[in-house]
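Reader: I should like to go through this model by way of a few questions. Please state the cut-offs as each term arises.

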Amino acid sequence: MRSTVFVISAVLLSTACSDNAPSGGAAVAPSTDVSAPVQDNTWQASGWSAKTLPELVAALEAGEVSAEALVEAYLARIDAVDRNGPTLQSVLSVNPDALEQARAVDASRAAGEPLGSLAGVPVLLKDNIESADSLATTAGALALKHNVTNRDAPLTAGLRREGAIILGKTNLSEWANFRSTHSISGWSALGGQVRNPHMLDRSPCGSSSGSGAAVAASLAAAAVGTETNGSITCPANVNGIVGFKPTVGVISQQYIVPISASQDTAGPMTKTVRGAAMLLEAMADEAHRKFYAAGLDAGSLVGRRVGVLRFSVGDNPDIAARFSEAMTVLADAGAELVEIGEFKRHSDNFWAQHLSLLQYEFKSGIDAYLVDAADAVTTRSLAALIEFNDAHADVEQALFDQDLFTASQAKAGLDSTDYLASRDAVQRTAREFGIDALLAEHNVEVLVAPSGPVSSRIDPVNGDVWPDWAGAGYLAAAAGYPHLTVPMGAVHGIPIGLSFMGAANDDAAILSYGYAYEQASQRRVEPQYLRTAEDLPEIADAMRAPAQGSLPRITR
């Protein structure tokens with residue numbers, strides 16, 4: 001199936017030269033070589049960098065490790081694993097002030113000053129999220145190479161208020177994968193191709209590819225992603241981590257390069273559900289700020305009716321097997337499973353209307369963002385971006401075009417009757433006749449499904465080519481409702497996740513249900529940095545021709 005992750009169809013999901021590195025911070029030295037021999041355990045995380053966010057918070061508070069030591073450990077790991085070794089290219093730039101900020105936190109702690117809940121924790125931001133550090137916010141694009149705005153997005157300010165250290169910015173699918181229907185998930189002109197640390201020739205998915213790969217590879221305690229449709233949950237799924245897309249509006253979208261006002265949201269990407277809840281507490285707007293972590297309950301599934309979206313499992317027998325195992329875990333944890341065998345979308349024209357909605361909102365949103373970008377940015381409208389990309393086609397269009405840009409530019413304003421009709425139809429299908437109906441008609445409190453397919457290979461010739469999709473995350477995306485993915489194991493070394501979805505503002509409950517599953521299952525796997533599937537002995541043996549002596553003789 002041809003699908004551009006992050007949008008369109010089932011999910012709407014040449015390396016740049018060093019001259020194209022974003023302004024501010026140190027840029028990644030790009031490489032696309034995945035042919036180096038696998039070195040057992042050489043790139044495996046150890047020590048403090050291997051710990052989860054909650055473990056690091058406890059260690060910092062106990063004085064077992066300093067913020068400065070943590071930053072130094074992660075910077076060394078970024079150099080060893082992201083810029084060298086397997087060369088993941090998941091970190092686009094590092095904050096030159098991170099060590100100084102860490103030392104300030106350590107000094108405050110030594111002085112007995114009050115500290116926030118994340119004091120000293122190094123966090124990476126997806127590079128479409130602004131920070132007041134000397135870091136450009138580029139969306140991976142050459143046109144925003146010098147977009148140093150010197151302002152914090154509200155979510156960044158929230159992290160900083162709680163003492164988190166902005167370690168740097170992560171690579172991403174350029175423009176959050178809304179430039180071309182022929183794109184490659186995880187590729188940007190400024191950062192090159194992000195690699196999946198589990199299997200280097202497999203897609204890291206998008207658009208928060210760098211955030212997903214960096215967390216899986218232990219390059220930071222946590223990362224922040226953004227999602228319009230699958231851009232948090234898909235990278236979390238294939239990189240084997242926890243990703244949470246909250247209800248739209250829980251986290252402010254101000255000073256984040258936009259796609260869709262009705263669907264965009266940032267969200268946490270971490271190794272554990274508790275870590276995601278802790279990060280969400282810091283990033284949430286005041287009206288939505290809750291003690292999400294304190295509300296996690298390993299017994300929260302007891303007596304809960306769980307809707308099993310069996311119609312979304314797909315035809316991959318390995319996914320079906322892992323999903324069935326996960327259902328056994330839920331049942332053993334006290335959940336009452338309710339099978340949902342079919343679902344018919346209310347609108348037969350859903351995907352066309354959805355794409356139209358996003359194009360309208362992208363044109364309006366990106367024009368407004370560019371007008372307010374840094375003074376050094378010369379492209380001040382979508383029309384100017386299209387011209388810029390044509391003028392720099394050798395870099396920007398070396399692998400794929402910008403047909404989504406040009407189609408969006410042709411749209412009218414948000415007062416268009418066509419836009420309003422598309423928006424209303426999409427939201428009605430995903431909400432009233434989608435998640436709300438599934439919850440009500442089956443009398444269940446949460447919906448579960450696979451989070452996506454087994455990751456496909458990176459293909460710079462054909463672009464993203466995904467197998468038939470598994471899961472129903474597009475409903476939560478289009479509705480603007482919460483969606484959590486938690487690791488549920490791996491298929492031939494490639495992770496897959498289990499999705500928990502619910503009604504609007506059920507964020508705390510969804511996190512708690514996912515936490516209960518996580519505690520009972522413990523299915524997260526560490527990256528092995530395999531070059532290809534043929535690094536697995538069982539696959540290598542099957543792919544190899546039999547010994548010549550066992551082949552039948554050729555006679556004429």
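Reader: Are the residues on the two faces of strand S8 (residues 242-245) buried or exposed?
Author: The model is predicted, so local features need pLDDT of at least 70 and side-chain atom pairs count only at pLDDT 80 or more, while totals for chains, interfaces and linings use all residues. Residues are numbered from 1 along each chain as its sequence is written, and side-chain values use heavy atoms, with hydrogens and water left out. Val-242 and Phe-244 lie on one side of S8, with Gly-243 and Lys-245 on the other; strands here are DSSP runs of E of at least two residues, helices runs of H or I of at least four, both numbered from the N terminus. By relative accessible area (under 20% buried, over 50% exposed, partly exposed in between; 1.4 Å probe, protein chains only), the residues on both faces are all buried.

Reader: Which residue of strand S13 stands opposite Lys-245?
Author: Strands pair if DSSP finds at least two bridges between them. S8 is joined to strand S9 (residues 265-270) by two bridges in antiparallel fashion, and there Gly-243 faces Met-269. S8 also pairs with S13 (residues 483-491), antiparallel over three bridges. In that pairing, the residue opposite Lys-245 is His-483.

Reader: How many of the 11 residues of helix H8 are buried?
Author: Helix H8 spans residues 273-283 and is mostly covered. Among its buried residues are Val-273, Leu-279 and Glu-281. The count of buried residues is 10 of 11.

Reader: With which side chain does the side chain of Ser-185 make a polar contact?
Author: Ser-185 sits in the loop between helix H5 (174-177) and strand S5 (187-188). Its relative accessible area is 1%, so Ser-185 counts as buried. A polar contact is a pair of N or O atoms within 3.5 Å; within protein, one must be able to donate a hydrogen and the other to accept it, and residues adjacent in sequence count only if both atoms are side-chain atoms. At 2.5 Å, the partner is the side chain of Asp-464.

Reader: What is the relative accessible area of Trp-469?
Author: Trp-469 belongs to the loop between strand S12 (446-450) and helix H15 (473-479). Its C-alpha atom is separated by 9.2 Å from that of Ser-451, 18 residues apart along the chain. Trp-469 is classed as buried because its relative accessible area is 15%.
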